[in-house]
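Take a look at the fold below. The report goes through its sheet, its hairpins and its charged pairs.

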Amino acid sequence: MLTNADKINELLKVHQRDFYPLVKYEHKADFLPLDFTASNTQLTASLLIDTALFSKYIDETLAKANAKYGIGGYFEHRTVYARSPHFGIDESEARRLHLGLDIWAPQNTPVYNFMDAKVHSFGFNNNFGDYGATIILEYQLEGFTFYGLYGHLSLKDIEQMAEGQELIKGQVVGHMGTFEENGFWPPHVHFQLMCRMDGKNGDYPGVVRFADKQQWLTKIPDPNLVFSF
């Protein structure tokens, strides 16, 4: 039986060629997949707790590969969230499963809207390790409504924003924020799709318990289908 996420995934596949890129690029070689699981032994506790050091690691990793962007993370079981108590300390209950697609790049890198939308909500989620400045857009595709969350943006991007505001395809949604406004992360955007908002505004879970993976797979469409780089 198809879930809501399955249906949205089918529609995204049909319309994939129509979408505007989330970031500007020329070649697939501009992107380097980044691994934030336990298998990446370079992610030491001392590196993860120091945002500047963590950011330097990403910058140097991209430079070494001659890549413009780091990318990855959809349903990745990550160790990096141990850096913040916001995601839980007890490993049996901690949130470590990442629901979105991350694109890592220098601060102020613009992020673009992939299709016509309107603003559902926005907010400043200012816990250490949280989204920071966040924008959620509402999309319509063949009669189906779904939502896109853009996290870790700049505060300037939400200062003049209004709920219900329309954004056209290819319009800048926001810019990758600094440490102080993006939840104290190296600059990147967390892009996530949701079938429904469950009453939330300006926020939605982006990291959940691994034990609940199957439940979330029914709610969270695959963002890679939007950004097939």
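In which sense do strand 1 and strand 2 pair, and over how many bridges? They pair in the parallel sense, over three bridges. The model is a predicted one.

## The sheet

Strand 1 and strand 2 (residues 69-72) belong to an open sheet of eight strands. Its order is 1-2-5-12-9-8-7-10, and the pairing is mixed. Strand 1 (31-33) and strand 10 (166-167) stand at the edges. Each has a single partner strand, so one side of each is left without a neighbour in the sheet. Within the pairing of strand 1, F31 stands opposite Y69 in strand 2.

Helix 1 (residues 4-15) lies across three strands: strand 8, strand 9 (144-153) and strand 12 (188-194). The helix runs at about 80 degrees to strand 9.

## Strands 7, 8 and 9

Strand 7 (117-125) and strand 8 (132-141) run antiparallel. Seven bridges join them. F124 stands opposite A133 in strand 8. The hairpin of these strands has six residues between them, and there G129 takes a positive phi near 90 degrees.

Strand 8 also pairs with strand 9, again in the antiparallel sense, over nine bridges. Q140 stands opposite T145 in strand 9. This hairpin has two residues between the strands. One residue of the hairpin, E142, takes a positive phi near 50 degrees. Strand 8 is mostly covered, with nine of its 10 residues buried.

## A buried histidine

Is H120 buried or exposed? H120, in strand 7, is buried, because its relative accessible area of 17% falls under the 20% cut-off. Leaving aside residues up to four places away in sequence, H120 touches I136, L137, E138, Y147, E163, M197, K200 and N201.

## A nonpolar patch on the surface

Which residues make the nonpolar surface patch of about 240 Å²? They are I49, F128 and F184. F128 sits in the loop between strand 7 and strand 8. F128 counts as partly exposed because its relative accessibility is 31%.

## Salt bridges

Side chains of opposite charge can pair when their charged atoms come close. A search of the whole structure finds four salt bridges. One of them joins K56 and E60, with the closest N and O atoms 3.9 Å apart. These two residues are four apart in helix 3 (residues 51-64), so about one helical turn separates them. K56 is partly exposed, at 47% relative accessible area. E60 is partly exposed as well, at 46%.

R196 forms a salt bridge with D198, and their closest N and O atoms are 2.8 Å apart. R196 has a relative accessible area of 38% and is partly exposed. D198 is also partly exposed, at 38%. Another salt bridge links R209 and D212, with the closest N and O atoms 3.1 Å apart. R209 counts as partly exposed, at 25% relative accessibility.

## Helix 5

Q215 is found in helix 5 (residues 213-217). With 39% relative accessibility, Q215 counts as partly exposed. How many Å separate the C-alpha atoms of Q215 and N126? The separation is 27 Å, and the two residues are 89 residues apart along the chain.

Conventions: Residues numbered from 1 in each chain as written. Predicted model: local features only at pLDDT ≥ 70, side-chain atom pairs only at ≥ 80, totals over all residues. Heavy atoms only, no water. Patch = residues over 30% accessible without salt bridge, like charges linked within 9 Å, V, L, I, M, F, W, Y side chains within 5 Å. Areas by Shrake-Rupley, 256 points an atom, 1.4 Å probe, with all protein chains shown as cover. Salt bridge = Lys/Arg side-chain N within 4 Å of Asp/Glu carboxyl O. Buried < 20%, exposed > 50% of the residue type's maximum accessible area, 1.4 Å probe, protein only. Pairing = 2+ DSSP bridges. Contact = heavy atoms within 4.5 Å. Axes fitted to C-alpha atoms, helices over the stretch in contact; angles between N-to-C directions.
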